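Reader: I should like to learn how to read the pockets, cores and sheets of a model. Could we take them in turn?

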Amino acid sequence: MKLQACLPLRRMMLLACAGLLLVGCKGSNPDVIFYGGPVLTVDAQDHVAQALAIRDGVITAVGSSEDVMATRGAGTLLVDLKGRTLMPGFVAAHEHPSITAVFSGAVDLSGFRYRSNAQVWQALRQAIAEQPKGAWIYAGGLDAILTPDLKIPSRQELDAMAPDNPLVLVSQTLHSFWANSRAFAEAGIGRDSPDPGAGSYYERDAQGDLTGFVAETRAAAPLLKGLKSPWKVYNRYVDVLDGLLARGVTSVASLGYNVPPMLAKVAASRQLRPRIRQFFYLVEDELQYLPDIPDTQDPYFRVLGLKLWHDGSPYTGSMYTSKPYLDSPLGRTLGIRAGSHGQAMIEEAALVEKIQRYTAAGWQVAIHSQGDASNAAVLHAIELAGPLAGATPSVRLEHGVFLPAERMQQLAQLQVTPSFHIHHIKFYGDALAQSIVGLQAAWQTLPVRSAFDYGVHPTLHADSPMFAPDGFALMQTAMNRRTGLGLLLNPQQGITVQQAVRAMTINGAWQLRLAAQTGSLEVGKWADLQIVDRNPYESSVETLDTIRTQEVYVGGRLQYQAIHMVQ
């Protein structure tokens, strides 16, 4: 079967032979041909081909085995898939490799590892005992949802636990923090320190003393400096990039709080060649790394735009919602004020001005917005900003946890594209419905199918390190929408497996303005590929998360093989 190609104009000279469908010029023999298994092209029709050829890092032929093999030359390497599936590498549209590297230097207290309160604090006490006096101690992953009986210590209890060390605890969501007195003192934070404001604050008791709880990263920043040294982070960042490759990720977008670009480029290099594509969105504290104009020349590293926060997290009470938070034991443990609504972290006029200014300069603007009130306010600000300059999409909406489906038409009209934090359903859906916002509000979660229906190119993300960036697990949750206790949350918004694959590949490329270069297996595109052990199109949704990536190619070069990394 031959497939019709949709070729980017800039590749037409490369494939100048008239009359061919997906097969390149016979005079340019490919370097490699893959055959012997299904090839998921993820083109506009989701065609499945039989073979694929690449030359100089670019796909030159896709189609039937007979047609693609006809292009081979004496030096062409033949790769027999042996029934395995070839598909595009994942385009991880919203992850945090830098933050993952930073917090991998902290003691792991996560609910994925410890399921009881006693286990959590025993692990921390042991870690404290192993540290010299005066050393900063960081522990991450605290999660009162995945560790149901978790009790958060007060500042005084943390003082008793680590009397000789500054101690900082970080929640799994990375929106809540706790510190002892020594950490506050060494960070220069006292009872009279001003709150950064707009949902970010230092909690105080009735006497005005610090309780130890810190809401949101702006307030926590002075406490986290010890984790962020580039020299301490470098090796961990290398490991994070290797881990992404092992999960089939060939392009990763880093949404804020990034390592310096030069460090990122060096860490991504193997034998002086990049092994993964990185695309940065900067926070406004990182504007020293913003180029004068967008650079579209480097295919492996680019700064694409800015990341802004409009609200916070449902698990800190800083998500901005139209309905009040519930009064529940879990909510009180999380520090959520019953009856509160959260609030906007940026005023409307300031948001409108930033959207206009950055898009006029050619940058994308990615806006963190979780609650329904936040989403409404953000979309109104985009309307007020007027027709936006720059290539589509100019604005991305990040997370969209409580994004009502009826907002999709507005997103389409404004040409806004959403990236959905889909694992809120799998890991936190029960807590959202029963203890945080209630079932009626939780029923609005993550309308992925409606986003497809309105053609706004939705993507899925894990928001790592919050959850592991496992593309097949994300696809599974988007399809079955099942919580940990088996509740089907907003099940009519479940998507097909073809849509799920698109959300992890070509839609991500579209959001990064790279759909002409990657995200699908079509002639003229970068040869960013992964070989997986089973065909996701033919796998049950229950087993989708057990599919494993066995090989990964970036720009036609083998960069990962199961069991070991390519040296």
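Reader: Which helices and strands each supply at least two residues of the lining of the largest pocket?

Author: The model is a predicted one. To read a pocket, one asks which elements form its lining. Here helix H2 (97-103), helix H6 (217-220), H7 and S17 each supply at least two residues. H2 gives the most, with 4 residues. The pocket has a volume of about 1,100 Å³. Its lining comprises 38 residues, and the closest to the pocket centre are Thr217, Tyr257, Val283, Asp285 and Trp309.

Reader: Which residues have the most contacts inside the largest nonpolar core?

Author: In soluble globular proteins, nonpolar side chains tend to be buried together. The largest nonpolar core here has 151 residues, and Tyr237 and Ile436 have the most contacts inside it. Helix H7 (residues 230-246) gives the most to this core, with 7 residues. Ile436 touches, among others, Ile145, Pro314, Tyr325 and Leu334. A second, separate core of 17 residues includes Phe34, Leu52, Ile531 and Tyr553.

Reader: What is the strand order of the open sheet of 8 strands?

Author: One reads a sheet from edge to edge. The order is S6-S13-S16-S17-S18-S19-S20-S21, with parallel pairing. Strand S6 (90-95) and strand S21 (459-460) each have a single partner strand, so one side of each lacks a neighbour in the sheet. Within the sheet, S17 (residues 301-309) pairs with S18 (residues 364-369) over 5 bridges, and the bridge partner of Gly305 in S18 is Gln364.

Reader: Which strands does helix H11 lie across?

Author: Helix H11 (residues 372-385) lies across S18, strand S19 (395-399) and strand S20 (416-420), and runs at about 155° to S18.

Terms used:
Residues are numbered from 1 along each chain as its sequence is written. This is a predicted model: local features need pLDDT of at least 70, side-chain atom pairs count only at pLDDT 80 or more; totals for chains, interfaces and linings use all residues. Side-chain values use heavy atoms; hydrogens and water are left out. A nonpolar core is a set of buried Ala, Val, Leu, Ile, Met, Phe, Trp, Tyr and Cys residues joined through side-chain atoms within 4.5 Å. Buried means under 20% relative accessible area, exposed over 50%, partly exposed in between (1.4 Å probe, protein chains only). Contact means heavy atoms within 4.5 Å. Two strands pair if DSSP finds at least two bridges between them. Axes are lines fitted to C-alpha atoms, for helices over the stretch in contact, and angles run from 0 to 180 degrees between N-to-C directions. On a 1 Å grid over the protein atoms alone, a cavity is a set of points where a 1.4 Å probe fits but cannot get out, and a pocket is an open set with protein on both sides within 12 Å along at least five of seven lines; lining residues have an atom within 4 Å of a point. Grid points are joined across faces, edges and corners, and a volume is the space filled by probe spheres set on the points. Lists of a residue's contacts leave out its neighbours within four places in sequence.
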